[in-house]
Amino acid sequence: MYFGAMKKFLILILFCCLVPGIKAQDDIRVNAEYPAEVVAGQQFMISFSVNAGGGEFTVPSFTGFTKILGPQTSYSQSTQIINGRMARQVTYSYIYYLIANREGEFEIPPAVFTIKNKEYLSDPIKIRVVADASQAQAGIAGEKNSDDKPAPSSDLFVNMILNRKEVYVGEPVLATVKLFTRVDLQGINEIKYPSFNSFLRTDIETPPLTSLKQENINGTMFGTGVLQQFLLFPQVPGEITIDPVQLSVIIQQRTGSPDPFFGDFFSSYQSVPRSIASRPVVVTVKALPGTKPDTFSGVVGKISLDASLSNDSVKVNDALTLKITLSGTGNMRVAATPALKLSPDIEVYDPKITDDFKNSVNGISGTRQFEYLLIPRHHGDFTIPPVSYNYFNTESGKYETVNTKEFNFHAIKTDDQGSGVTVYGGISKEDVKYLGRDIRFIKSEPGRFMAATAVLSSSTSFYLIYAFALFIFLLILFLRREFVRRNSDSSRVKNRKAAKIAGRRLHNAALCIKNKQFDKFHEEILKALWGYLSDKLSIPVSELSRENAISALILRGISDEKVQVLKNILDTCEYARFSPSASDTEAEKIYDGASQFIKSVENTIR
């Protein structure tokens, strides 16, 4: 009886020891780290962490924010031994960089981590977006800064500055992309401008940014420089939001702390990439008032009209030139062709249009010349009525009309109007016109005759050669069509060549093992796997992630065992990039695993 009670007591102790371990294994948490308050237009970071691997992480939608970078993934592992018990903890991190589009209170839904058909959710994210840095720190309302004088809440930012935010449809807006920095800027990798939906965009020639200008902004000195200037012509009325400008730069950052005796003399620096973006801006576009006239040309601005006639007298069937010159500022590139009201006895050709425009910060200015070719077909006196041109004047806010003067000319009757050649110069539509020469005489001279000889087509070899040539032609045509068909679908081409490209990258990884370059080895393995998955699964690199790649593999019939092999290789390589440590044996094991995975997928997915 004593031994029976002792046995039950030991089982009870063993159960109490195992239960916490089982519970800890099932205790999966998804944590989110984020700032409670941010400044509108300022970049900030949201980090999600999961204490388990092998599952699928689903990021929430960042409504009200613009994502400029992410996810940046990382992996960490720690092992502790307490009272003889070993505890192992892993953490997977997903980092996103966002920009707040406007002020207000925003709630981002929870992130979801799914493993073994069970979902684990983070807490909802609640962020307050304020106007400037003083509100974010003190929590009180403050005066909103203008675009060109932003609050120095960051040491590096970019703004899109508009010269006006309320315009008529077709009225130009000057947009200036300006960089502000208080850090050592090494260079600019990439500038991504928005699509400028609902605008016609014209670039202004901007000198390359080679040096920065010192500027005092709210009591803080910044180095500033203009990256690019645009003229934007809105095409539709309403409130139009211009998306942020995204910028990727390289900055020089000090590593470590300064020496207390020598200061920064022995400090080391490294080049660090950094992504920034401007805040979205809103333009209020007003519709043109009243009812548009039927003769409205589409020009919004300030213009004048002038005209000239080359001659006041001309022979019948000869040409004279009418030039109408439109001058001014505004959206001159959309200026319509003036309408002429001429006599039916005057033949008119489509005008030759010559532009002489200049783009500047004040808009598009210059001239557009319309050159008409007029040909009178009968003699007499003719009148060219005044030409009217209607446009919208932004200064007066009204539709206005400009007119040319009236022209008169005389067509002189000629004795021989039905013969001769009339040549017109300077017009591309019809340079030479033949009149009265549509009849050709029959030649009466006898031609040269040749004696009849043996006809080649009567021989058998001719038909054999003809049949063989026809067969070769059809064969080449079939092969050509098959080649075009096989290469017309780029995704299929990438699918067929995925294993070949991955094989070359694996060859580079093998060379890294041979040269003991284990840090570069893991990078080559990751490039081979991610490139292979992108090509084989037809997923663009910009949309490729661990979650959608694994989902696509499972849908294509890849077994869970093979998917787990892929996860283990990715985890090991990503971890090794942050904590480099490997041997020949481990590297060869990873190389063999990656090769076998690619071969197994090739055998399954065709």
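This passage describes strands, aromatic rings and selected residues of one predicted model. Residues are numbered from 1 along each chain as its sequence is written, and side-chain values use heavy atoms, with hydrogens and water left out. Because the model is predicted, local features need pLDDT of at least 70 and side-chain atom pairs count only at pLDDT 80 or more, whereas totals for chains, interfaces and linings use all residues.

Two three-strand sheets are considered here. Strands are DSSP runs of E of at least two residues, and helices are runs of H or I of at least four; both are numbered from the N terminus. Two strands pair if DSSP finds at least two bridges between them. One open sheet has 3 strands in the order β2-β10-β7. Its pairing is mixed. The edges are taken by β2 (37-39) and β7 (104-108). Each has a single partner strand, so one side of each is left without a neighbour in the sheet. On average, neighbouring strands of this sheet are turned by 30° against each other, direction ignored. Such angles are taken between axes, which are lines fitted to C-alpha atoms, for helices over the stretch in contact; the angles run from 0 to 180 degrees between N-to-C directions. Strand β2 pairs with β10 (residues 125-130) in the parallel sense over 3 bridges. Within this pairing, Glu37 has Arg128 of β10 as its bridge partner.

The other open sheet also has mixed pairing, with 3 strands in the order β12-β21-β18. Here β12 and β18 (238-242) stand at the edges. Each of these has a single partner strand, so one side of each lacks a neighbour in the sheet. The average turn between neighbouring strands of this sheet is 35°, direction ignored. Strands β12 and β21 (residues 281-286) are parallel and pair over 3 bridges. Val167 stands opposite Val285 in β21.

Strand β22 (residues 296-309) has two pairings of interest. It joins β29 (residues 388-393) through 3 bridges, and these strands run parallel. In β29, Phe392 is the bridge partner of Val300. With β24 (residues 320-330), strand β22 pairs in the antiparallel sense over 9 bridges. Asp306 stands opposite Thr325 in β24.

Val300 also appears among the contacts of Gly170. Gly170 is found in the loop between β12 (166-168) and β13. The residue is buried, with a relative accessible area of 5%; buried means under 20%, exposed over 50% and partly exposed in between, for a 1.4 Å probe and protein chains only. Gly170 touches Phe233, Pro234, Val300 and Asn331, not counting residues up to four places away in sequence. Contact means heavy atoms within 4.5 Å. The C-alpha atoms of Gly170 and Gly330 are separated by 7.9 Å, although these residues are 160 residues apart along the chain.

Ser47 belongs to strand β3 (residues 43-50). Its relative accessible area is 12%, and it is buried. Leaving aside neighbours within four places in sequence, Ser47 is in contact with Asn31, Ala32, Glu33, Tyr94 and Ile95.

Tyr94 is also part of an aromatic cluster, in which ring pairs link Phe48, Phe57, Phe62, Tyr94 and Tyr96. Rings of Phe, Tyr and Trp (its six-membered ring) pair if their centres lie within 6.5 Å; planes under 30 degrees apart count as stacked, over 60 as edge-to-face and the rest as tilted. The whole structure holds 15 aromatic pairs. One of them, Phe157 with Phe180, is stacked, at 5.0 Å centre to centre with 15° between the planes. This pair links distant parts of the chain, 23 residues apart: Phe157 lies in β11 (residues 156-162) and Phe180 in β13 (residues 173-181). Phe157 is buried at 12% relative accessible area. Phe180 is buried as well, at 0%.

A charge also sits over a ring, meaning that NZ of Lys or CZ of Arg is within 6 Å of the ring centre and within 35 degrees of the ring normal. Lys286 lies over the face of Tyr168, at 4.3 Å from the ring centre.

Helix α6 spans residues 546-555. Its buried residues are Arg546, Glu547, Ala549, Ile550, Ala552 and Leu553. An α-helix has 3.6 residues a turn, so residues three or four places apart point the same way. Gly557 follows α6 and has a positive phi, near 95°.

The structure holds 0 disulfides (pairs of cysteine sulfur atoms within 2.5 Å). Cys512 is buried, with 3% relative accessible area. Cys573 is buried at 0%.
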